[in-house]
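This report walks through a protein chain part by part, for a reader who wants to follow each point on the coordinates. Please keep the sequence and the structure open side by side while reading.

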Amino acid sequence: MSDRGWLGAVTHLRAVREPGVLVTLVAVRGHAPRAAGAKLVVGATRTWGSIGGGNLEAVAIDRARALLDTGGAAPETFTLALSDKAPYQHGVQCCGGEVTVLLEPLPVVPAVAVFGIGHVGLELARILARHDIELHLVDTRAEQLSDERLAVLADAVAGVHVHRVAVLPEIVLGELPPGTHVLIMTHDHAEDFALCDAVLRGGELGSVGLIGSAGKWARFRARLATQGHDDATIARITTPIGLADIRGKEPATIAVSVAADLLRTMEREAAAAVPLTLDADT
């Protein structure tokens, strides 16, 4: 792997939605196999690059895999002496120097799908795009997903995936990563209903939110029941969406409210995924 090849490995892990750890030699004193800045990417089953091989690299891989196992999200450092007098786990490495290694977790980022990129959907996309997530934008109206309209997302931090489908937007549900949070806000209540029905029929999705009034939801609930969905299943759909104490109806206000509620949900999920106690010095 070239000196910049680690970027490709990080991109690959993100694309296949597998966690990893970026390992970097941040300081070198004396003789060592690699200079400061050398990088290694560690995944669950393979590695990319090298920080120098031998006991040093094997220890780094062990510690990186321990981070993966515990779901640790905070960076860690450790210092290792390259001496035949120093303790070793994977063979002697007697270069004579000392290195400090930084381990940076590369977690799988959340995924969000917004169905309906109208006036609220676009405002919502602008907010969500500023976060490190995978953002899927779906609409059956080609003009809503034109390059000119989506130019406002040019500086997105998120990975933005645009799904242009002429009909049946629910087919996109099958293309979404497991755990994707779904927000339904299309221009067409028939599309909204078809999406609600499809969401409840399967898939490993995260939270599901539907924009709309109490009257709309009452009609949807009744129709979903006639389609064979029981009350517990229908309860997977949250409506209205957003923070209850934000009452403004301007598109940007609704978008802020919905985004804040969703970000809170994702933060709670992330907190729940990390063990309560971690021994960072193991």
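## Annotated domains

For residues 112-262, UniProt lists the feature "domain: XdhC Rossmann", and the entry it comes from is unreviewed. The model examined here is a predicted one, and in it the span 112-262 is 34% helix and 17% strand, with its end C-alpha atoms lying 9 Å apart.

A second feature, "domain: XdhC- CoxI", is placed by UniProt at residues 14-74, again in an unreviewed entry. Over residues 14-74 the chain is 31% helix and 28% strand, and here the C-alpha atoms at the two ends are 18 Å apart.

## An aromatic pair and charges over rings

A pair of aromatic rings is described by the distance of the centres and the angle of the planes. The count for this model comes to one aromatic pair. The pair is formed by F193 and F220, whose ring centres are 5.4 Å from each other and whose planes make an angle of 85°, an edge-to-face arrangement. It links distant parts of the chain, since F193 belongs to helix 4 (residues 189-200) and F220 to helix 5 (residues 214-226), with the two positions 27 residues apart in the numbering. The pair is called edge-to-face because its planes are 85° apart, and the term applies to planes over 60 degrees apart.

Are the two partners buried or exposed? F193 has a relative accessibility of 6% and therefore counts as buried, and F220, with a relative accessible area of 5%, is buried as well. The ring of F193 also has a charged side chain over its face, namely that of R223, at 3.8 Å from the ring centre. Elsewhere in the chain, K39 lies over the face of W6, at 5.0 Å from the ring centre.

## The largest pocket

The largest pocket holds about 810 Å³ of space. Its lining is made up of 29 residues, and those that lie nearest the centre of the pocket are P107, V108, V109, P110 and A270.

Which elements each supply at least two residues of this lining? They are helix 2 (54-70), strand 5 (98-106) and helix 7 (251-273), and the largest share, six residues, comes from helix 7. By residue type, the lining of the largest pocket divides into 18 nonpolar, seven polar and four charged residues.

## Backbone features in loops

The peptide bond that joins T239 and P240 is cis, with omega at about 0°. P240 has its place in the loop between strand 11 (237-238) and helix 7, the helix that also gives the pocket lining its largest share of residues.

Two residues have a positive phi although neither is a glycine: R17, at about 55°, and L168, at about 50°. R17 is found in the loop between helix 1 (5-15) and strand 1 (20-29), whereas the place of L168 is in the loop between strand 8 (159-164) and strand 9 (181-184). R17 is partly exposed, with a relative accessible area of 22%, and L168 counts as partly exposed too, at 48% relative accessibility.

## Positions and separations along the chain

G97 lies in the loop between strand 4 (76-81) and strand 5, and with a relative accessible area of 5% it is buried. From G97 to Q144 there are 47 residues in sequence, while in space the two are 59 Å apart, C-alpha to C-alpha.

T226 lies in helix 5, the helix that also carries F220 of the aromatic pair. In contrast to the buried F220, T226 is exposed, with a relative accessible area of 63%. T226 and A156 are 70 residues apart in sequence, and their C-alpha atoms are 41 Å apart in space.

T186 is located in the loop between strand 9 and helix 4. It is buried, with a relative accessible area of 12%, and the cut-off that matters for this assignment is that buried means under 20%. Between T186 and G8 the separation is 178 residues in sequence and 36 Å in space, C-alpha to C-alpha.

Technical notes
Residues are numbered from 1 along each chain as its sequence is written. This is a predicted model: local features need pLDDT of at least 70, side-chain atom pairs count only at pLDDT 80 or more; totals for chains, interfaces and linings use all residues. Side-chain values use heavy atoms; hydrogens and water are left out. Rings of Phe, Tyr and Trp (its six-membered ring) pair if their centres lie within 6.5 Å; planes under 30 degrees apart count as stacked, over 60 as edge-to-face and the rest as tilted. Helices (H or I, at least four residues) and strands (E, at least two) are DSSP runs, numbered from the N terminus. Buried means under 20% relative accessible area, exposed over 50%, partly exposed in between (1.4 Å probe, protein chains only). A charge sits over a ring if NZ of Lys or CZ of Arg is within 6 Å of the ring centre and within 35 degrees of the ring normal. UniProt positions are given in the numbering used here, feature names are shortened, and annotations may be inferred rather than shown by experiment. On a 1 Å grid over the protein atoms alone, a cavity is a set of points where a 1.4 Å probe fits but cannot get out, and a pocket is an open set with protein on both sides within 12 Å along at least five of seven lines; lining residues have an atom within 4 Å of a point. Grid points are joined across faces, edges and corners, and a volume is the space filled by probe spheres set on the points. Ala, Val, Leu, Ile, Met, Phe, Trp, Tyr, Cys and Pro count as nonpolar, Asp, Glu, Lys and Arg as charged, and the others, Gly among them, as polar.
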